[in-house]
Amino acid sequence: METTTNNTIASAIAGKFRTIFNAEPLVVRSPGRVNLIGEHTDYNDGFVLPAAINKAIYVAAAVSNNDRCHFVAADMNEEYKTDVNNLQKIEGHWSVYINSVIDQLQKAGYTIGGFNCVIGGDIPTGAGMSSSAAVECAVLFALNELFALGLDKMAMVKMAQQAENKYVGVQCGIMDQFASMFGKKDHVIKLDCRSLEYEYKPFDMKGIRIVLFDTNIKHSLASSEYNTRRLQCEAGVAMVQQQYPEVKKLRDVTLAMLDEIVLPRDEKVYLRCSFIVEEIQRLQDACIDLELHDMVSFGEKMFATHKGLSELYDVSCKELDFMVDFVKNEPAVLGARMMGGGFGGCSINLVKEEAIEALSGRIEAAYKVAFGIEMKVYIATIENGTSIVGAEKMQVA
Ligand code: GLA
């Protein structure tokens with residue numbers, strides 16, 4: 001039986017902290033996420049349906065009593081030192097995800113002193129499970145405790161998203177940070193990305209597991225194309241607004257408006273926007289499936305989402321399409337689609353439990369033949385969001 005906290009990792013991170021800094025740390029766990037349906041809808045004020053999972057980032061941290069910071073990335077055996085008031089950004093370096101939240105806190109007027117931390121975990125990077133959001137949430141949650149900043153979880157989610165937008169430079173929506181922070185065991189979260197109202201929905205897992213097939217590749221255009229998609233959505237909204245000034249985001253747009261206004265002007269923008277408008281509706285329909293416990297119908301919508309992401313939104317790639325095509329006619333697979341921003345990472349699959357092993361073996365072999373790459377398989381369980389790891393739990397390992 002898996003528990004939310006991976007005691008082995010939490011103990012190892014805490015132990016490393018004690019060895020290096022000779023002090024007792026606060027340990028925070030912040031998980032990665034899956035998203036069942038509702039992709040690229042968050043920054044269009046739509047809905048998403050994510051869940052926090054059994055893979056997480058752990059940060060062990062304590063104040064340093066001066067302005068110096070010393071960060072250690074346990075999995076890479078690397079360290080980074082800085083003055084908390086004079087952050088140096090190293091593009092592409094892991095420290096960016098820690099510095100980004102310090103920067104946001106300072107910009108929001110919070111004063112924090114120096115601190116030391118050891119960070120590590122088991123979320124594979126580049127696999128589309130939001131390891132960067134998990135780092136941001138874990139560090140922010142820890143700093144909020146260490147410096148008694150009084151931020152609630154929602155404030156931290158918004159700040160972590162800003163950290164990614166403003167400091168890291170990816171114009172992501174709010175889904176990843178929200179899911180990491182607010183996850184609830186055995187529930188998906190239906191989040192309205194406009195009002196930020198959310199609802200936990202039990203996810204019916206009887207005999208079904210969430211299986212992630214990791215392509216083990218991340219194409220380099222992922223973040224630039226992500227930002228481009230955002231701009232294309234905004235361009236579509238700007239066109240529609242000329243005739244319908246009340247429209248704020250694609251959430252307010254109908255397919256009829258797109259046909260009338262966008263299609264004659266820009267076909268590419270039309271394709272992008274029509275996917276989003278359909279996807280927002282598809283999520284609403286999928287939530288009805290959940291209520292009716294109709295996982296077959298839910299799964300069909302996942303396949304439809306993949307088709308849209310691949311053909312209309314154009315954020316898939318041949319490796320992800322392969323993963324989804326391979327399972328399309330498998331009776332044991334209820335639904336499958338690429339997950340997250342795209343251009344690599346994982347597909348998410350709903351698979352009947354008894355078939356997982358055999359199916360994984362077959363897809364691994366076929367993927368190796370097709371691309372010469374070893375893929376990975378993860379079984380995701382739905383776990384709680386960001387929290388402090390209790391000292392007593394860590395002793396268990
Ligand atoms: C990335 C972003 C999210 C979201 C997804 C696509 O994970 O960080 O905000 O836009 O892509 O749904």
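**A tour of the helix packing and the two domains**

Select helix α2 (residues 96-107) together with helix α3 (residues 131-146): in this predicted model, the two pack at an angle of about 50 degrees, and their axes lie 9 Å apart. That angle makes α2 oblique to α3. The crossing of the pair is right-handed.

Next, display the side chains where these helices meet. On the α2 side, select Y97, I98, S100, V101, I102 and L105; their partners in α3 are S132, V135, E136, V139, L140 and L143. Coloured by residue class, the contact of α2 with α3 divides into 9 nonpolar, 2 polar and 1 charged.

Stay on α3 and centre the view on N144, which lies in this helix. Is N144 buried or exposed? Its relative accessibility is 8%, below the 20% limit, so N144 counts as buried. Setting aside residues up to four places away in sequence, N144 touches L149, G150, L151 and M156.

Now hide α3, keep α2, and add helix α4 (residues 153-168). Here α2 and α4 pack at an angle of about 110 degrees, with 8 Å between their axes. The two helices are therefore roughly perpendicular to each other. Which residues form this contact? From α2, select V96, Y97, N99, S100, V101, D103, Q104 and L105; from α4, select M159, Q162, A163, E164, K166, Y167 and V168. The residues of the contact of α2 with α4 comprise 8 nonpolar, 4 polar and 3 charged.

With both contacts shown, certain α2 residues deserve a second look. Y97, S100, V101 and L105 are among those that meet α3, and these residues are also among those that meet α4.

Move on to helix α5 (residues 175-182), which is mostly covered, with 8 of its 8 residues buried. Select M175, D176, Q177, F178, A179, S180, M181 and F182 to see these buried positions.

Finally, zoom out and colour the chain by domain. Domain 1 comprises 6-203 + 383-393, while domain 2 comprises 208-380. Taken over C-alpha atoms, the centres of domain 1 and domain 2 are separated by 26 Å. How many residues are in contact across the two domains? To display the contact, select 36 residues of domain 1 and 47 residues of domain 2.

Notes. Residues numbered from 1 in each chain as written. Predicted model: local features only at pLDDT ≥ 70, side-chain atom pairs only at ≥ 80, totals over all residues. Heavy atoms only, no water. Buried < 20%, exposed > 50% of the residue type's maximum accessible area, 1.4 Å probe, protein only. Helix = DSSP H or I, 4+ residues; strand = E, 2+ residues; numbered from the N terminus. Axes fitted to C-alpha atoms, helices over the stretch in contact; angles between N-to-C directions. Parallel < 35°, antiparallel > 145°, perpendicular 65-115°, else oblique. Left-handed = near helix turned anticlockwise from the far one by under 90°. Contact = heavy atoms within 4.5 Å. Nonpolar A, V, L, I, M, F, W, Y, C, P; charged D, E, K, R; others polar. Domains from an automatic or database assignment.
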